[in-house]
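Biologist: Could you take me through one part of this model in detail? I would like a close look at a single strand and what surrounds it.

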Amino acid sequence: MYKNFWWPLATYNEVSNKPIRVTALQQEFVLYRLPNGKAQVLSDLCVHRGGALSDGWLEGNCIVCPYHGWQFTDDGACVKIPANLTGVPVPRKARVDSYPTVEKYGFVWAFLGDLSETERIPMPNLSAIPTDAKGATGNITWQAPYQTVIAYFGDLSKAFLASDAEFAGATAKINTAQVTQYDWSLNANGSITPPKHIETSFLGLVKKEVDSPQTEAKSDMYFPCITTHSVADGHLVLIHLPVNDKVTQTKWLMVKNQSAEINKTLGAALEHMRSGVESGKTPSNVAAQAFARMCQEAIRRGWGIDIHTIQADYANIKAVVIPSPARREVPELAAAWVLKEVPVI
Ligand code: FES
């Protein structure tokens, strides 16, 4: 798991003025919409006594911790402590980490790290997806590490999911593929032949197995957690969130005409893949190799979160957070952070 990347954490329709908790990178985040509609992501850990802000509510532009009523603005600063006597200022230590948040391609993204804007690796350019994409969404949880899930879905044959989930569990035949690797992404273009499918006559009396036509397809993988799949006018975005080092949650957005209809079968299609994803084996395909290379580069830059140390040293304390940009950008706050930063590999 890696800090200092843009992580999509939720689909557009999961986030509202009622705060929600998202667990990812073995951290907890609270997501909500401000009264002006802008989505915001904060650490979910109240610095007072560790309450979950996601159990709270909004009052104006502030999120209110339900335990003792501390109120935090979207930049993470506490602006009201109800128990304080009139005139007693709010201490500077009363702040939580607030992450730069952008809504794009149908997801709410947070920059989970402390790099300045100019130092950050840009958010991926999902060129086939409208920036204000809306569509059918859903999610599925796997008992598998997220590098395995990404290797599984990074394969071009999974592009057929964007076309017709009727082929659940079957493997499409890849006829040709051209794979291009970039620093933080991998693009595979080619053509696939989905498995034969059953065609039913007009009156539903006759069913026969027919060849599926060969079709152009595209599957891309974007570090740290995104795969996209396109066939014809069907575009599917999958984000694979590491809940912890053993569990992954995949959320999807289907951008396609009649996407609600196909979305019904997509959930079943993904469920059908469970035995493959959770087999305990990581596919050794080009996506897996590219992803491993990107992981190594992230670690070389000091961005790899040391999950094992967190589990060993901080078990049940939840006392570490991914640092936000304000930790480096505002020197006068340097001593004001109550919670420790996640250790890195
Ligand atoms: S734990 Fe949040 S206000 Fe006390």
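How many bridges join E1 to strand E11, and in which sense do the two strands run?

Modeller: Happy to! Please keep in mind that this is a predicted model. Strand E1 covers residues 5-11, and 6 bridges join E1 to strand E11, residues 107-112, with the two running antiparallel. To place the register, start at Phe5: its bridge partner in E11 is Leu112. Strand E1 is also mostly covered, as 7 of its 7 residues are buried.

Trp7, which belongs to this stretch of 5-11, is a good residue to look at next. Setting aside its neighbours within four places in sequence, Trp7 is in contact with Trp109, Ala110 and Leu112. Those three fall in the 107-112 range of E11. The contacts of Trp7 also include Ala24, Pro224 and Cys225.

From there we can step out to the core. The largest nonpolar core has 89 residues, and Trp7 and Leu9 are listed with Phe29, Leu31, Ala110, Ile150 and Val237 as those with the most contacts inside it. Domain 1 (5-119) and domain 2 (136-297) both give residues to this core, so the core lies between the two domains.

Ala24, one of the contacts of Trp7, leads us to another sheet. There, 4 strands form an open sheet in the order E2-E3-E4-E9, with antiparallel pairing. Strand E2 (20-24) and strand E9 (98-99) stand at its edges with a single partner strand each, so one side of each has no neighbour in the sheet. In strand E3, residues 27-33, 5 of the 7 residues are buried, so E3 is largely enclosed by the rest of the structure. Phe29 and Leu31, both named above for their contacts in the core, lie within that 27-33 range.

The pairing in this sheet can be followed strand by strand. E2 and E3 pair in the antiparallel sense over 5 bridges, with Arg21 opposite Val30 in E3. Their hairpin has 2 residues between the strands, and Leu25 takes a positive phi near 55° there. E3 and E4 likewise pair in the antiparallel sense over 5 bridges, and the bridge partner of Val30 in E4 is Leu42. Val30 therefore links to both sides, with Arg21 opposite it in E2 and Leu42 as its partner in E4. The hairpin of E3 and E4 has 5 residues between the strands, and Gly37 in the turn has a positive phi of about 95°. At the far end of the strand order, strand E4 (residues 39-43) pairs with E9 in the antiparallel sense over 2 bridges, where Val41 stands opposite Tyr99.

A further sheet is worth a glance too. Its 4 strands are also in an open, antiparallel arrangement, in the order E5-E6-E7-E8. Strand E5 (57-59) and strand E8 (78-80) are at the edges with a single partner strand each, so one side of each is left without a neighbour in the sheet. E5 is joined to strand E6, residues 62-64, by 3 bridges in the antiparallel sense, and Glu59 has Cys62 as its bridge partner in E6.

Finally, here is the setting for all of this. The protein chain has 6 helices and 22 strands, and buried residues make up 40% of its 345 residues. Among contacts with a separation of 6 or more, 62% are between residues 24 or more positions apart.

Notes. Residues are numbered from 1 along each chain as its sequence is written. This is a predicted model: local features need pLDDT of at least 70, side-chain atom pairs count only at pLDDT 80 or more; totals for chains, interfaces and linings use all residues. Two strands pair if DSSP finds at least two bridges between them. A residue is buried if 20 or more other C-beta atoms lie within 10 Å of its own, exposed if 12 or fewer, and partly exposed in between; C-beta atoms are placed from the backbone. Two residues are in contact if their C-beta atoms, placed from the backbone, lie within 7 Å. A nonpolar core is a set of buried Ala, Val, Leu, Ile, Met, Phe, Trp, Tyr and Cys residues joined through C-beta atoms within 7 Å. Domain bounds come from an automatic or database domain assignment.
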